[in-house]
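Q: Hi! Could you pull up the model so we can go through it together?
A: Sure, here it comes.

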Amino acid sequence: HLYLGAPQQLEENLLISQIGDFLGKNDLSVDSYDFKRVYRYFRERGEVISPSFDLFTADYLLSPSSAGGSLAEIAGRYLDWLPPEYTGKESEEEVEKISMMASSRVAAIMEMKDSMEERLKVEELLDLYLEIERPMAKILAEMELEGIGIDIEGFEETARAFRKELRKIEEKIFSIAGTNFNINSPAQLSEILFEKRGLKPLRKTKKGFSTAEDVLQKLSKFDPLPEHVLDYRHYQKLNSTYVEPLPKMADNDRGRLHTSFNIAGTATGRLSSSEPNLQNIPVRSKEGGLIRKSFIPSPNSVFLSADYSQIDLRVLAHLSGDEGLRESFIKGEDIHRATAARVFDLDEKEVTDEMRKRAKAVNFGIVYGISGWGLSKNIDMTPKESEAFIKKYFERYPGIKDYMDKTLDGVKEKGYVKTILGRTRHFPEIKSKNYVRRGLAERAAINTPVQGSSADIIKKATVELAA
DNA sequence: GGCTCAGTCACTCG
DNA sequence: TCACGAGTGACTGAGCC
């Protein structure tokens with residue numbers, strides 16, 4: 001506490017080391033609102049603590065769609081009173097006042113613990129909590145603290161190259177357009193494309209005409225400008241999202257990046273990552289590769305990448321029990337090629353690249369809770385053709401169709417779906433009279449057991465790997 | 001006039 | 001009119017001082 005006349009206070013590191021000693025000697029573990037944060041706090045000061053109850057993680061399993069809230073928000077779901085929220089200005093407040101606040105928050109955690117653990121048990125989430133999610137919190141804390149090394153020089157070099165490229169493309173665009181404008185503004189770009197150059201808008205947004213990637217690609221057949229804009233956007237995106245900000249976010253002492261892994265960041269059981277998001281570092285383009293290259297292992301170390309192949313489709317094969325899909329995986333076939341062969345009634349050798357591409361799109365679509373309209377948007381087909389394509393797919397993979405129907409029946413009856421390890425997600429919108437909302441819920445309900453079970457498996461492997 | 005904030009659009013990843 | 005799940009940056013308009 002920093003206010004004028006604040007009483008003498010204990011030295012922080014001494015206090016933490018004494019608490020650490022006390023917990024260690026008595027073999028005690030800690031109840032907390034957010035164990036990952038508390039663990040990180042102690043770990044930074046040289047103490048290792050163990051979790052007893054992690055309210056944040058427990059709440060996530062009980063209500064994954066609304067989780068991630070503050071202590072008071074969570075308490076709103078379990079208590080008939082609300083603990084106070086910290087504001088970040090606690091050090092300016094009187095010691096007595098803050099100690100009352102802290103006590104009140106501790107009381108809230110203690111009061112929620114028993115009822116939440118009981119609910120985890122009743123809803124058959126306790127094993128998932130004890131064996132997967134709670135251990136994950138500690139692992140993630142360690143990963144966040146460890147961070148990842150980056151080559152700051154490498155980033156700066158890439159930034160120089162990208163800025164130069166951007167200036168070149170910008171010049172081309174302005175010369176073709178005959179005027180300078182803000183390429184990053186969809187409104188200004190629309191004016192140039194659809195008024196000045198008379199191109200035909202293909203789609204509307206809420207505010208005007210769409211200039212999205214697929215639109216610009218189609219327009220590039222009629223005009224040279226859209227392709228340059230796409231080129232510009234590619235470099236601009238990589239530069240402004242990754243190349244320029246990432247080196248600035250490295251810690252001062254070691255030059256490493258420390259993300260936050262958000263335990264309750266998704267409704268399906270996956271993790272999310274933020275500040276910076278290290279789960280969407282570019283990989284698909286050549287320029288993206290330059291960015292990946294600037295992530296570097298520690299001296300005398302290497303990066304080891306261990307990844308499940310086609311985990312979502314593989315999980316779908318398991319959940320549905322579909323013979324054809326299972327067989328393809330058991331035989332270790334190229335899964336998209338195998339799908340193409342089945343759907344187009346061909347030998348695998350006869351499958352063309354275009355057929356494989358379409359089959360791949362259908363496989364993705366299936367996992368996302370396919371619709372003819374959605375598929376047609378992704379591959380060059382009319383919604384009608386897509387419908388026929390999907391129908392054919394279901395004829396060839398009847399187990400998948402069966403599984404999807406049963407999943408929908410189940411969610412309509414019970415209001416929720418479950419993953420392999422019992423992770424649950426509720427879908428109140430499944431009863432909506434609005435068919436857009438209902439459709440969204442239906443597709444998400446089909447996707448969640450697949451995406452969520454994949455998350456279960458990856459987390460289980462992570463816990464076992466860290467043990 | 002300058003600032004913050006939220007919504008929109010676009011694009012990155014699995 | 002929507003593919004499933006995320007997060008971030010730039011722009012823009014609204015509200016505030």
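Q: Nice. How much area does chain A expose, and what share do carbon and sulfur atoms supply?
A: Chain A exposes about 26,800 Å², and carbon and sulfur atoms supply 52% of it. Accessible areas come from the Shrake-Rupley method with a 1.4 Å probe; for residues, only the protein chains shown count as cover. A word on the ground rules: this is a predicted model, where local features need pLDDT of at least 70 and side-chain atom pairs count only at pLDDT 80 or more, while totals for chains, interfaces and linings use all residues. Residues are numbered from 1 along each chain as its sequence is written, chains are lettered from A and ligands numbered from 1 in the order in which they are written, and side-chain values use heavy atoms, with hydrogens and water left out.

Q: Thanks! How many helices and strands are in chain A?
A: Chain A has 20 helices and eight strands. These are DSSP runs, numbered from the N terminus (helices are H or I, at least four residues; strands are E, at least two).

Q: What about the largest nonpolar core, which residues touch the most other members?
A: Leu55, Met112 and Met116 do, in a core of 39 residues. α6 (126-146) is among the elements that give two or more residues to this core, and its share, eight residues, is the largest. Such a core is a set of buried Ala, Val, Leu, Ile, Met, Phe, Trp, Tyr and Cys residues joined through side-chain atoms within 4.5 Å. Buried means under 20% relative accessible area (1.4 Å probe, protein chains only).

Q: And what is Met112 in contact with, leaving aside its neighbours within four places in sequence?
A: Leu55, Leu71, Ile74, Ala75, Tyr78 and Leu79. Contact here means heavy atoms within 4.5 Å.

Q: How many residues of α3 are buried?
A: Eight of its eight residues are buried. They pack against β1 (30-32), β2 (51-54), α4, α5, α6 and α20 (435-466).

Q: Switching topic: how many aromatic pairs does a search of the whole structure find?
A: There are 11. Phe35 and Tyr39 make a tilted one, 5.8 Å centre to centre with 45 degrees between the planes. Rings of Phe, Tyr and Trp (its six-membered ring) pair if their centres lie within 6.5 Å; planes under 30 degrees apart count as stacked, over 60 as edge-to-face and the rest as tilted.

Q: Where do Phe35 and Tyr39 lie?
A: Both are in helix α2, four residues apart, about one turn of the helix.

Key. Buried means under 20% relative accessible area, exposed over 50%, partly exposed in between (1.4 Å probe, protein chains only).
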